[in-house]
Amino acid sequence: MTTPERKLTIAVIGAGIVGLCTALELQRDGHDVVLIEPDAPGGRQAASYGNGTWLNPGSVLPMSTPGLWKQVPGFLLDPNGPFIIRWRHLPALAPWLIRFVLAGRTFAQIETIAAQRHELSKSTAADHVALAAEAGRPDLVRNNGLMFVYPDQAAIDAEQKTWALRQQLGIRFRKIEEAELRERQPELGHVYKLGMHMEDGGQITDPGAYCDALFQLALRRGATHKAARATGFDFSGGRLSAVVTNAGVVTCDRAVIAAGVHSRDLARQAGDDVPMISERGYHVVIPDPGFDIPVGLMPSDGKMGVIWTPQGIRLAGQVELASTDAPPNWQRAQILLNYARAMFPSLGAKIDAVANEPGSQHYWLGHRPSTPDGLPCIGAASRSADVMHAFGHGHVGMIQGPATGKLVAKLIAGRAPSYDATPFSARRFA
Ligand SMILES: Cc1cc2nc3c(=O)[nH]c(=O)nc-3n(C[C@H](O)[C@H](O)[C@H](O)COP(=O)(O)OP(=O)(O)OC[C@H]3O[C@@H](n4cnc5c(N)ncnc54)[C@H](O)[C@@H]3O)c2cc1C
């Protein structure tokens with residue numbers, strides 16, 4: 001543990017993966033941490049609970065890529081695709097969508113964003129392995145890679161630019177031929193014939209339990225938990241004196257906004273109007289599959305994480321654009337089950353059973369906190385440098401959580417990061 005020049009009391013708002021990683025890094029610097037979280041850390045309300053669990057250092061491309069606008073009509077009309085916009089919400093989403101399309105106009109923009117995302121992603125699996133060991137739960141992180149599976153070489157070739165960019169950034173991967181694929185995962189349907197193994201990838205087997213383990217670790221190291229919802233800040237002369245909650249104030253020297261998709265209003269109060277929406281996603285679990293998936297899979301057509309968890313095989317994916325509080329559409333989750341039928345033909349009856357109980361405990365809807373350019377907001381708030389932003393991680397918050405925590409700790413301590421962190425400033429949206 002390094003000793004800071006001055007021990008600070010720091011309120012971390014939100015105990016999802018980003019808030020927890022940040023709290024632990026601030027404790028390493030010797031600060032006192034108050035975690036403000038109204039619900040269970042890593043509970044079902046958090047994106048960090050039900051995600052695809054992929055720790056993929058190759059998740060460097062933003063969602064918005066050149067030519068995407070041509071596909072928008074299809075997103076509005078195809079009810080079975082991996083991406084859908086609910087018509088009724090289109091007017092409210094339009095300003096975000098325009099920024100989203102503009103952020104990925106050219107491949108040069110994509111290359112720049114990919115290099116910036118790489119800084120936050122490159123050591124993800126190793127970082128989570130270390131955190132899980134510190135928390136006494138090494139069983140919750142696997143670091144033997146991840147695998148994309150494809151029907152044929154043409155499907156791999158269609159993503160050639162993505163693979164070339166990964167190679168350019170030094171991200172390691174290896175093509176897996178059909179015989180090896182069958183040996184590795186005998187249950188995989190014959191629709192899928194080739195694999196691309198991300199060698200430095202990993203997976204969290206139970207992200208809810210993992211968040212709880214990190215929370216318990218932070219408590220053991222002296223953090224306090226304020227079970228309340230942050231509603232604002234007390235500022236005086238540009239300096240922060242407290243975070244205001246629905247259950248009183250938390251006096252502090254600094255605050256970190258890490259409330260996932262709910263960070264927007266707090267960020268606005270701290271001086272930054274960030275265009276962030278929920279990219280809603282779903283998961284569905286097939287219980288008691290009877291086999292392991294030692295390396296997390298992603299079918300090239302379904303674009304979803306297929307992973308072993310203690311609850312069963314979790315299928316996590318889909319992007320649904322609608323307001324955060326719109327009711328779930330469990331048909332989106334059932335699309336995931338359809339891909340699973342092709343992936344694991346032997347699970348047909350078990351898949352039918354889950355499909356027949358939409359909305360049961362096997363189903364989950366979550367909110368990816370997404371900015372239009374695919375970069376998170378990390379850094380000082382405009383109204384006061386005593387407030388730090390740490391939100392907006394979209395599809396990759398599990399991946400980028402540890403690096404975000406380290407960056408926030410450095411910025412608070414005034415230590416220079418080894419890379420340029422200005423692209424993550426919320427001021428880019430001013
Ligand atoms: C279907 C799906 C699949 C995904 N797959 C992956 C993947 O494979 N890999 C990956 O890296 N990422 C994935 N993600 C994205 C990832 O889950 C998120 O980016 C990440 O969990 C965001 O973490 P967070 O801590 O910012 O937010 P959250 O986990 O949402 O946590 C925010 C916390 O803040 C609390 N909170 C909210 N408002 C307040 C307030 N006012 N005061 C105090 N506390 C508050 C909430 O209760 C919550 O606990 C996926 C997401 C989805 C939906």
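Select Lys303 in this predicted model; Lys303 sits in the loop that connects β16 (296–299) with β17 (304–309), and that loop is the starting point of the tour. Display the backbone torsions: the phi of Lys303 is near 50°, a positive value in a residue other than glycine. Lys303 has a relative accessible area of 43% and is therefore partly exposed.

Move next to Gly302, which lies in the loop between β16 and β17 as well. The relative accessibility of Gly302 is 1%, so Gly302 counts as buried; the threshold for that class is under 20%. Show its surroundings: leaving aside residues up to four places away in sequence, Gly302 touches Pro82 and Tyr339. For a sense of scale, draw a C-alpha to C-alpha distance from Gly302 to Arg44; the two are 258 residues apart in sequence and 24 Å apart in space.

Now select Asp288, in the loop between β15 and β16. Asp288 is not a glycine, yet its phi is positive, at about 45°. Is Asp288 buried or exposed? With a relative accessible area of 60%, Asp288 is exposed.

Another exposed residue is found at Lys70, in the loop between β3 (54–55) and α3 (72–77). Lys70 counts as exposed because its relative accessibility is 59%, and the cut-off for that class is over 50%. A C-alpha to C-alpha line from Lys70 to Val101 spans 10.0 Å, and the pair is separated by 31 residues in sequence.

Proceed to helix α13, residues 348–355, and colour Ile351, Val354 and Ala355, which are buried. Why do these three residues share a side of α13? The arc they cover around the axis is only 100°, which puts them on the same side of the helix. The spacing rule is a general one: an α-helix has 3.6 residues a turn, so residues three or four places apart point the same way. To see what lies over the buried residues of α13, add β15 (277–286), α12 (331–343) and β19 (363–370), which are among the elements that cover them.

Two of those elements, β15 and β19, reappear at the next stop, the ligand. Select the ligand and its shell: 38 residues surround it, and the closest are Glu37, Ser48, Gly52, Gly394 and Ile399. Which elements each supply at least two residues of the shell? They are α1 (17–28), α2 (47–50), β15, β19 and α14 (397–413). β19 gives the most, with 4 residues. Colouring the shell by class shows 19 nonpolar, 15 polar and 4 charged residues.

Next, display backbone N and O atoms around the ligand. A backbone N or O atom of Gly394 lies 2.8 Å from an oxygen atom of the ligand. For Thr53, a backbone N or O atom is 3.3 Å from a ligand oxygen atom. At His395, the partner on the ligand is a nitrogen atom, 2.8 Å from a backbone N or O atom of that residue. How much of the ligand's accessible area does the protein cover? On its own the ligand has 1,000 Å² of accessible area, and the protein covers 96% of it.

From the ligand, go to His393, in the loop between β21 (387–391) and α14. His393 has a relative accessibility of 5% and so counts as buried. Apart from residues up to four places away in sequence, His393 touches Val18, Pro369, Pro376, Ile378, Gln400 and Thr404. With the side chains shown, a polar contact of 2.8 Å can be found between those of His393 and Thr404.

That contact leads to the final selection, Thr404, in helix α14. Thr404 is buried, because its relative accessible area is 0%. A polar atom of the Thr404 side chain also lies 2.8 Å from the backbone oxygen of Gln400. Setting aside residues up to four places away in sequence, Thr404 touches Val18, Ile378, Ala390 and His393. Keep Val18 and Ile378 displayed to close the tour: both are touched by Thr404, and both are touched by His393.

Terms used: Residues numbered from 1 in each chain as written. Predicted model: local features only at pLDDT ≥ 70, side-chain atom pairs only at ≥ 80, totals over all residues. Heavy atoms only, no water. Buried < 20%, exposed > 50% of the residue type's maximum accessible area, 1.4 Å probe, protein only. Arc of directions from axis to C-beta. Contact = heavy atoms within 4.5 Å. Near = heavy atom within 4 Å. Polar contact = N/O pair within 3.5 Å; in protein donor to acceptor, adjacent residues only side chain to side chain. Areas by Shrake-Rupley, 256 points an atom, 1.4 Å probe, with all protein chains shown as cover. Nonpolar A, V, L, I, M, F, W, Y, C, P; charged D, E, K, R; others polar.
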